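Dear colleague,

Please find below the structure that I am handing over to you. My account of what was found in it follows directly after.

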Amino acid sequence: MTFSRYFFNRGIWWYALRQAGWLGVVYGLAMLCLLPLGLINEEQYVEYREPLVLNHLFEIHGDMQSILIIAFPALVAVFLTRYMQERKLSDLLHSLPLKRHQLLTIVFCVGSGIIIIPTWVVTLIISMMRPGLVRVSFSQIQLIEWAVSISVMTILVFVFTVLVGICIGQSILQLLLSMGLLLLPFMFMVMFQHHLNVLLYGYLNSDPDVPASNLWSPIYRIAQFSYAPLQASEGWKYVISIVICIAFAYMLYRLRPAESSSNGIVFRYVNPIFRLLVMLVMSLFAGLLSMRLVLDRPLVMVTGYVLGALVGGIIADMIIRKTWQVADKQLIRMLGGYGAVIALILWLPVANVNGYSSRIPDPNNIQGVYIGSNLSEDLYNSTFSNNGLLIDRTFNPTGLSDSRQYMDAIINLHRQIVAERPNSDYGKQYNPWENNNQQFQIAYLLKDGSLMTRNYFIPRDRYKAYLLPIVNQLPYKNTYYSLNQLADYQGPIQINNPDTNWTTPSKMIRNPEDLNVFKQFLIEQIQTTKNSWDDYSSGAVVQVSIDIPMNGSGNILQKMYMLSANEPKIYNWLQKKNLLSATTRVEDLKAIQLLPRAEGDNHADSNVPYNSVNKHAVVIDSPDQMKRILTNSQIYTGAYAKQQEKNGYKVQLVFKNGLFGYRDLPSSQMTPELYSMVSR
């Protein structure tokens, strides 16, 4: 019997292998189906496919790999620690002449072997297959990186689930709580940012989907492996986390009472943290759900927060006390105390205690300033995966301006917004696009290197006096029109007739000299425009589009511009290059039909012929009259919906090829001649 006291007790090791060894076989077979068989499948029909160059092996069934990496080690941990959760098994194993650290070491060693061995067996098989692959190519380094990434993340999930199992007395609860805690940082960040976005005036969300920001949510980070594999710096941080979890596991297992098997929470001092987390998450979830259901009822939102906290507190108490019958005075006292703490946690960040909503930096403390509608695109360089998903963002200060005149204009606008707080009530803050508001994001780069950001939805017409000094300056135009990207762009430029709405063949400019001339026309016209928000273009107009590659991912970012061809030098150049067909000319039209705005507020049905039975329509087919209408009618080019005035006309262009186009003829552009035409 002396052998039973040794660390290498064959019975204990064999028991551990019987508990979870079969999971290793299942995991290995699943990985064989996903990777080696997946690579063989990619090799089929080589003559009909382009060669596949892999950036990493998670590109082969990456989503299924992520599911296995998450689920398999958690199940191994649950099965290996099952003896802690069952009273008879716990009494049996803890009565053996083995110290607790020896039992836990056996759990870690057996579990690590079950997890790691299948991964490296599959790695060896793929390494032997690699020289014979014709269509699929990847390096041995990529294969090793894949194996190391899986090994690190599976061990992390396994060790963390074992640690949770030491603190929990029920296997099902251990599994659910482990998965929840590994996902909790991401979930909490998303929900709390939404809470701040609705209730804290001026708050600007950060992007929680960037892999670097999900380091402490391993489950969500694993789910991103298909397009953003593990980086070396992340891997070392996870290795340190594994060591910390193992150290805590040994310490807590030594303190774990043997009689705590089947209890909800083993350690009583964990109960307050458990209650607080459950109540806080449930409160946030219910509050945000109530916002989704009822947008303009603050009382419903508050009720959602309160009910969520109450339900969370009751659920937590049922788990801790292991009974459904928790309705007593103790529960009421607990809900009252913890509810007050939850209320403070949710209220303090939005109470403007630190002056967040009213804070405006000192101009002497500002290095650069930005205003626009998409700060994450204008001030950050984004890296995308092959399927267009965001991998990383790095700060790019070139989008900032240090112009003092521009800075003063932005601060003046900011002061007015803070003083009046437009759209600051709950309903408008949650649904800010009502009433034709426009989004403005403001950023200040301070001299200490920090970036102060704010986000507002304000009525553009009401703040026109404060906005025009900003939008008419060159820094704003550079941002609004992405002029730096346009100047650096070297690819082909596509031009279209905006009146035909992409239904006619496009014209392409590919000659480098022509590209430079055309870009110069476009940039000069944008820079000299008096109002960047002039949402209408009249006369001869060309729609310009360029496709900017997104960091070699194969995806593109499309930019659209409108170029007025009314200037003689532009018109003559387009005529010389045979590009005038991208504009609407009188000789292209069969007739023009004018519909009073009151009758034709929306676009007319394009299937209705121009000489329709609308008794209020005016049909014009005289070339001179059509030319005057073309010169005065406008194409809407704005990015935001705008209520059209009722006193003008909707212009329906009827082309000789059977196509239809639409313009607006506002009353402000109606000349006496045009009035005489429509009053016939």
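Helix α1, residues 10-34, has 25 residues and reaches 34 Å from its first C-alpha to its last, close to the 36 Å expected at 1.5 Å a residue. Please bear in mind throughout that this is a predicted model. The helix is not straight along its whole course: a kink of about 45° in α1 is centred on Ala 20. Ala 20 is also one of the buried residues of α1, which are Ile 12, Tyr 15, Ala 16, Gln 19, Ala 20, Leu 23, Gly 24, Tyr 27, Gly 28, Met 31 and Leu 34. In an α-helix there are 3.6 residues a turn, so residues three or four places apart point the same way. The cover over the buried residues of α1 includes α2 (36-43), α3 (62-80), α4 (82-85), α5 (87-94), α6 (100-129) and α7 (140-167).

For the chain as a whole, the secondary structure comes to 23 helices and 17 strands. Of the 680 residues in the chain, 49% are buried. Among contacts between residues at least 6 apart in sequence, 74% join residues at least 24 apart.

**A three-stranded sheet**

One open sheet has three strands in the order β3-β6-β7, with antiparallel pairing. Its edge strands are β3 (366-372) and β7 (451-459), each of which pairs on one side only. On average, and ignoring direction, neighbouring strands of this sheet are turned by 15° against each other.

The pairing can be followed strand by strand. Between β3 and β6 (residues 437-446) there are six bridges in the antiparallel sense, and Val 369 has Tyr 444 in β6 as its bridge partner. Between β6 and β7 there are nine bridges, again in the antiparallel sense; here the bridge partner of Gln 438 is Ile 458 in β7. The hairpin of β6 and β7 has four residues between the strands, and Gly 449 in this hairpin takes a positive phi near 90°.

Is β7 enclosed or open to its surroundings? Eight of its nine residues are buried, so β7 is largely enclosed by the rest of the structure. Helix α15 (residues 404-420) lies across β3, β6 and β7, and runs at about 65° to β3.

**Aromatic pairs**

The structure holds 16 aromatic pairs. One of them is formed by Phe 58 and Phe 225, a tilted pair with 5.0 Å centre to centre and 55° between the planes. Phe 58 lies in the loop between β1 (52-53) and α3, and Phe 225 in the loop between α9 (218-223) and α10 (232-255), so the pair ties together parts that are 167 residues apart in sequence. Both rings belong to buried residues: Phe 58 has a relative accessibility of 2%, and Phe 225 has one of 0%.

Phe 518 and Trp 573 form another tilted pair, with 6.0 Å centre to centre and 40° between the planes. This pair links distant parts of the chain, with Phe 518 in helix α20 (residues 512-528) and Trp 573 in helix α21 (residues 568-576), 55 residues apart. Phe 518 is buried, with a relative accessible area of 0%. Trp 573 has a relative accessibility of 12% and counts as buried because the limit for that class is under 20%.

In addition, Phe 108, Phe 158 and Tyr 250 form one aromatic cluster.

**Two individual residues**

Which residues does Arg 275 touch, not counting residues up to four places away in sequence? They are Ala 316, Asp 317, Ile 320, Met 334 and Tyr 338. Arg 275 lies in helix α11 (residues 271-293) and is buried, with a relative accessible area of 10%.

Met 560 is placed in strand β12 (residues 556-564). With a relative accessible area of 37%, Met 560 is partly exposed, because that class lies between the 20% limit for buried and the 50% limit for exposed. The C-alpha atoms of Met 560 and Tyr 481 are separated by 8.8 Å, while the two residues are 79 residues apart along the chain.

With kind regards

Note on methods
Residues are numbered from 1 along each chain as its sequence is written. This is a predicted model: local features need pLDDT of at least 70, side-chain atom pairs count only at pLDDT 80 or more; totals for chains, interfaces and linings use all residues. Side-chain values use heavy atoms; hydrogens and water are left out. Helices (H or I, at least four residues) and strands (E, at least two) are DSSP runs, numbered from the N terminus. The expected span of a helix is 1.5 Å times one less than its number of residues. The bend at a residue is the angle between axes fitted to the seven residues ending there and the seven starting there. Buried means under 20% relative accessible area, exposed over 50%, partly exposed in between (1.4 Å probe, protein chains only). Contact means heavy atoms within 4.5 Å. Two strands pair if DSSP finds at least two bridges between them. Axes are lines fitted to C-alpha atoms, for helices over the stretch in contact, and angles run from 0 to 180 degrees between N-to-C directions. Rings of Phe, Tyr and Trp (its six-membered ring) pair if their centres lie within 6.5 Å; planes under 30 degrees apart count as stacked, over 60 as edge-to-face and the rest as tilted.
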